[in-house]
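Here are my notes after a first pass through the model. They are numbered so you can reply point by point.

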Amino acid sequence: MTNPVADATLTTKGLAPSGQGRVLLIACGALAREILALKAANRWDHLDLQCLPAILHNHPDQIVPTVRDAVAKHRDDYASVFVVYADCGTGGLLQAACDEMGVGMVAGPHCYSFFEGNDAFAARNEMTAFYLTDFLVRQFDAFVWEPLGLNRHPDLRDMYFGNYEKLVYQAQTDDPKLTEKAQECADRLGLQFERRVTGYGDLSGTLAKL
């Protein structure tokens, strides 16, 4: 089961002729809530949002062609297009595609990095931490437990997570219910639990520049 908000196509009505002054964000569906919250809080009414399916999080080989199709479909309707993905497991291929298409994208290896701040994340150099964001806490079963087959074969847990030491919940919001659920996720994986309040990290400053 996926998040209906994250998989929706979200756009602003009332485009100016030829998209004058408007920017289209082509984003990972897992970032929908955060982008909409920043858009509303800062009154970024010139930004429109097109979300791609959040399940691409589990299929990085599909990100580049899906982003390419979305850019080709919408770029003529907007003054500019910006891709709200980091590298996200594409091995530099998404950056190469964006450079070729002449569109910008978020800096960093993945959302865990830019939520914490790329510099701060790199400085930690955490090799034994498993990360969850607000979205992944909400969608833990659909995006972690079930895709790994742990609902059918729980005995595989230690094979997948035996080299991890802790689960780090990067909290974008202060929600006690999400914190409780994140703790439960850590318990299910047999990992120590750490809650780290990141807010929106580098995402806020990146979108502000648009």
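**Notes on the predicted model**

1. Let me begin with the outward side of α9, bearing in mind that this is a predicted model. Facing away from the buried side of α9 are the exposed residues P176, K177 and E180. The buried set in this helix is L178, T179, A182, C185, A186 and L189. These residues sit on the same side of α9 because they span an arc of only 115° around the axis.

2. What packs over that buried side? The elements covering the buried residues of α9 include β5 (129-132), α6 (134-138), α7 (140-145), α8 (157-161), β6 (166-171) and β7 (192-197). So when you look at the helix on screen, check both strands and helices on that list. Three of the strands also turn up in the packing geometry: α9 lies across β5, β6 and β7, and runs at about 160° to β6.

3. On the helix itself: α9 covers residues 176-189, which makes 14 residues. From first C-alpha to last, α9 reaches 20 Å, close to the 20 Å expected at 1.5 Å a residue. Both ends deserve a look. At the start of α9, a side-chain oxygen of D175 comes to within 2.9 Å of the backbone nitrogen of K177. Just past the other end, G190 has a positive phi of about 70°.

4. The sheet under α9 is next. It is an open sheet of three strands in the order β5-β6-β7, and the pairing is parallel. β5 and β7 are the edge strands, each pairing on one side only. Ignoring direction, neighbouring strands of this sheet are turned by 25° against each other on average. If you want a pair to zoom in on, β5 and β6 are joined in the parallel sense over four bridges, and L132 has Y169 in β6 as its bridge partner.

5. There is also an open sheet of four strands, with the order β2-β1-β3-β4 and parallel pairing. Which strands stand at its edges? They are β2 (47-52) and β4 (104-105); each has a single partner strand, so one side of each is left without a neighbour in the sheet.

6. Going through the pairings of the four-stranded sheet: β1 and β2 pair in the parallel sense over six bridges. One residue to pick out there is C28, whose bridge partner in β2 is L52. β3 (residues 80-84) and β4 also pair in the parallel sense, over two bridges. For F82, the bridge partner in β4 is G104.

7. β1 is mostly covered, with six of its six residues buried. Helix α1 (residues 32-42) lies across β1 (23-28), β2 and β3. Relative to β2, α1 runs at about 175°.

8. α3 can be read much as I read α9 above. Its buried residues are L94, A97, C98 and M101. An arc of only 100° around the axis holds them, which puts them on the same side of α3. D99 and E100 are exposed on the other side of α3. Among the elements that cover the buried residues of α3 are α2 (63-74), β3 and β4. After α3 comes G102, with a positive phi near 75°.

9. Finally, two backbone angles I would flag. Most residues other than glycine have a negative phi. R43 has a positive phi, near 55°, and is not a glycine. Is R43 buried or exposed? R43 is exposed, because its relative accessible area of 72% is over the 50% cut-off. R43 is found in the loop between α1 and β2.

10. The second flag is C88, also a residue other than glycine, with a positive phi near 55°. C88 lies in the loop between β3 and α3 (93-101). At 23% relative accessibility, C88 counts as partly exposed.

Note on methods. Residues numbered from 1 in each chain as written. Predicted model: local features only at pLDDT ≥ 70, side-chain atom pairs only at ≥ 80, totals over all residues. Heavy atoms only, no water. Expected span 1.5 Å × (residues − 1). Buried < 20%, exposed > 50% of the residue type's maximum accessible area, 1.4 Å probe, protein only. Arc of directions from axis to C-beta. Contact = heavy atoms within 4.5 Å. Polar contact = N/O pair within 3.5 Å; in protein donor to acceptor, adjacent residues only side chain to side chain. Pairing = 2+ DSSP bridges. Axes fitted to C-alpha atoms, helices over the stretch in contact; angles between N-to-C directions.
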